[in-house]
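Student: I have not seen this structure before. Please show it, and then I will ask about its parts.

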Amino acid sequence: MISEVSGVVLSLRLDAAVLAVGGVGLLLSATPNTLASLRVGTPARLATSLVVREDSLTLFGFADDDARDTFELVQTVSGVGPRLALAIMAVHDPQTLRAAVASEDLTALMRVPGIGRKGAQRMVLELGDRLGPPASATAVSAMPSAAVDVGVRAQVVSALVGLGWAAKQADDAVIAVAPDGDAVVEAAALLRSALRHLGRP
């Protein structure tokens with residue numbers, strides 16, 4: 001198993017990064033928060049999880065070992081595959097996920113697209129104490145007002161739909177977090193803010 005990858009960041013997309021490792025460009029699927037920590041042309045180290053299927057090999061990258069281990073543990077829940085696990089990690093970092101499971105907060109778990117009440121109940125039941133105790137919650141600041149380029153907005157809506165939200169939900173979230181202003185918003189920043197907005201009660 002490939003447990004970590006170190007190399008120079010060759011390119012970034014809204015849902016993945018390409019790292020140069022030993023003369024090979026490796027594509028790693030990742031959450032917006034992980035991708036936001038990377039810069040093209042600079043070295044990076046990502047904890048990784050390799051998912052093997054009959055017709056594909058998919059490498060998932062994470063900012064640290066805790067996020068990678070949580071991603072793998074979440075997949076032990078019935079009905080949760082790697083794509084849904086990545087959507088869970090996009091909405092909840094390991095600490096907020098621990099808190100939601102420990103407090104049996106089904107509403108928080110159901111904020112993930114593709115997780116209904118039964119799925120949330122399964123997560124609570126099957127994960128139990130396996131995630132470890134939650135730490136204290138950290139406040140997340142809202143994104144400042146800014147103008148959104150039409151192309152950037154389309155990219156972000158597409159990325160949210162790819163994570164499982166309906167097109168209207170995605171579009172409404174983008175409008176809600178990026179009102180008109182005098183700054184230009186990057187796609188990655190807008191995506192992170194839209195995810196935070198969609199994760200609110």
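Student: How many residues has helix H9, and what does it reach from its first C-alpha to its last?
Tutor: This is a predicted model, where local features need pLDDT of at least 70, side-chain atom pairs count only at pLDDT 80 or more, and totals for chains, interfaces and linings use all residues. Residues are numbered from 1 along each chain as its sequence is written, and side-chain values use heavy atoms, with hydrogens and water left out. Helices (H or I, at least four residues) and strands (E, at least two) are DSSP runs, numbered from the N terminus. Helix H9, residues 187-198, has twelve residues, and against an expected 16 Å at 1.5 Å a residue (1.5 Å times one less than the number of residues) its reach is 16 Å.

Student: Which residues of H9 are buried?
Tutor: Buried means under 20% relative accessible area, with exposed over 50% and partly exposed in between (1.4 Å probe, protein chains only). In H9 the buried residues are Ala187, Leu190, Leu191, Ser193, Ala194, Leu195 and Leu198.

Student: How many aromatic pairs does the structure hold?
Tutor: Rings of Phe, Tyr and Trp (its six-membered ring) pair if their centres lie within 6.5 Å; planes under 30 degrees apart count as stacked, over 60 as edge-to-face and the rest as tilted. By that rule the number of aromatic pairs is two.

Student: Why is the pair of phenylalanine 60 and phenylalanine 71 tilted?
Tutor: The ring centres of phenylalanine 60 and phenylalanine 71 are 5.0 Å apart. The pair is tilted because the planes are at 40°.
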